[in-house]
Amino acid sequence: MKLTGLRTSFVLGGWFDAPATIHLAGELFCTPFASSRVRAAQTPCGDAVEGNFDLDGRRIHTYVWGDPQAQPYVLLAHGWSSHATRFLPWIGRLRAAGYAVVAFDQPAHGLSTGQRTNLLDFANTLEAVALRFGPAAALIGHSLGGAAVATALARGVPAERAVLIAPAADPVDAAMRFAGLVGLPQRLCQRMIAAFEAHIGFSFDAFQAHFNAPRIAHPALIVHDVEDREVPWAEGERYARFWPDSRLLSTQGLGHNRIAQDEGVITAALRFLRGEIVGERVVSSPNLPYGFA
């Protein structure tokens with residue numbers, strides 16, 4: 001169904017059958033684009049060793065470059081409607097820097113199975129992969145993958161450093177943006193959120209950046225484009241403001257997707273992994289709500 005038709009159906013459904021409309025919206029909100037699977041199947045993964053493991057009845061597909069048992073390794077987490085091999089431009093650079101690399105397709109994405117997923121799924125799957133391969137030298141996540149990295153670290157997943165690229169910081173705002181896109185009335189969006197929280201057993205507040213970031217005692221680099229139209233730059237800034245040991249690198253003209261494959265961003269991330277100072281420190285205090293130092 002085209003977007004205009006979808007918007008009309010949600011507007012009309014909101015008036016005539018609100019429960020069914022909320023259910024349909026919730027399913028759509030948790031269903032990634034099928035193109036993720038097509039792109040993953042068509043993208044060569046070079047010399048990666050591919051594997052699978054079962055997680056709650058779904059097959060999770062993994063990719064490994066190098067030997068994570070013998071080398072420090074970097075764990076990559078892709079975003080919504082994406083796939084692990086989206087990170088291919090990173091692999092050669094990370095391997096040349098002495099790292100093994102582990103990536104995986106989230107449930108309902110790429111070559112992993114499943115029909116629907118959500119941020120809790122993203123974080124749980126990331127945690128399961130980290131448990132299989134052991135403590136990582138770094139976690140790198142894009143978009144919802146960045147939110148999953150922060151959630152997993154706040155829950156105690158071990159890693160020395162983190163790089164969050166265009167990370168989603170606010171699931172309530174994400175739901176509201178989705179509602180605006182498909183024409184779901186705000187009052188029904190709020191009911192959709194409540195139904196979703198009841199289903200997963202967690203409040204959306206459990207995934208808010210300003211609640212999770214202060215609990216993380218690992219250095220982080222947050223990279224976000226000021227022209228990002230999918231996840232506003234302010235969400236990356238929020239991570240940097242509330243994450244005690246983090247810095248913010250702002251780009252311009254890369255948007256939400258190109259930023260994850262940009263050579264300059266990859267170079268900055270590698271400098272950060274070497275322990276160099278990259279980006280600006282965002283500070284917050286009663287006298288200075290936020291700013292740069």
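**A tour from helix α6 to the salt bridges**

Begin by selecting G156 in this predicted model: this residue follows α6 and has a positive phi, near 105°.

Step back along the chain to α6 itself, residues 144–154. How many of the residues of α6 are buried? Eleven of the eleven are, so the helix is largely enclosed by the rest of the structure. To see this in the viewer, colour the buried set, which consists of L144, G145, G146, A147, A148, V149, A150, T151, A152, L153 and A154. Then display what surrounds them: the buried residues of α6 pack against the strands β3 (73–77), β5 (136–142) and β6, and also against α5, α9 (209–212) and α10. Two of these neighbours, α5 and α10, come back in the stops that follow.

Next, select R155, which sits in the loop between α6 and β6 (159–165), together with E127 of helix α5, residues 119–133. The two side chains form a salt bridge, with the closest N and O atoms 2.6 Å apart. Because R155 belongs to that loop and E127 to α5, the pair ties together parts that are 28 residues apart in sequence. Are these partners buried or exposed? R155 is partly exposed, at a relative accessible area of 35%, and E127 is likewise partly exposed, at 32%.

Move now to helix α7, residues 171–182, and pick R177 there, adding E235 from helix α10, residues 233–242. Their side chains meet in a salt bridge with an N to O distance of 2.9 Å, and since one partner lies in α7 and the other in α10, the pair ties together parts that are 58 residues apart in sequence. The accessibility of each partner is worth displaying here: R177 counts as partly exposed at 30% relative accessibility, whereas E235, at 3%, counts as buried.

Stay on α10 and select R241 and E237, which form a salt bridge whose closest N and O atoms are 2.8 Å apart. Why can these two be reached within a single helix? They are four residues apart in α10, and therefore separated by about one helical turn. In an α-helix, residues three or four places apart point the same way, because there are 3.6 residues a turn. In this pair R241 is partly exposed, with a relative accessible area of 25%, while E237 counts as buried at 3% relative accessibility.

For a last local stop, select R271, R274 and E276 together, since these residues are linked in a network of salt bridges. In total, the model has nine salt bridges.

Finally, zoom out to the whole chain, which has eleven helices and ten strands. Its C-alpha atoms fill a box of roughly 60 × 50 × 35 Å along the principal axes, and its radius of gyration of 19 Å agrees with the value near 19 Å that a compact globule of 293 residues would have. Buried residues make up 53% of the chain, and among contacts between residues at least 6 apart in sequence, 72% join residues at least 24 apart. If you switch on the surface, the accessible area comes to about 13,000 Å², with 56% of it belonging to carbon and sulfur atoms. Colouring by charge brings up 25 positive and 26 negative side chains, and the centres of these two sets lie 3 Å apart.

Technical notes
Residues are numbered from 1 along each chain as its sequence is written. This is a predicted model: local features need pLDDT of at least 70, side-chain atom pairs count only at pLDDT 80 or more; totals for chains, interfaces and linings use all residues. Side-chain values use heavy atoms; hydrogens and water are left out. A salt bridge is a side-chain nitrogen of Lys or Arg within 4 Å of a carboxyl oxygen of Asp or Glu. Buried means under 20% relative accessible area, exposed over 50%, partly exposed in between (1.4 Å probe, protein chains only). The radius of gyration is taken over C-alpha atoms; the globule rule is 2.2 Å times the number of residues to the power 0.38. Contact means heavy atoms within 4.5 Å. Accessible areas come from the Shrake-Rupley method with a 1.4 Å probe; for residues, only the protein chains shown count as cover. Lys and Arg count as positive and Asp and Glu as negative; His and the chain ends are not counted. The place of a charge is taken as NZ of Lys, CZ of Arg, CG of Asp or CD of Glu.
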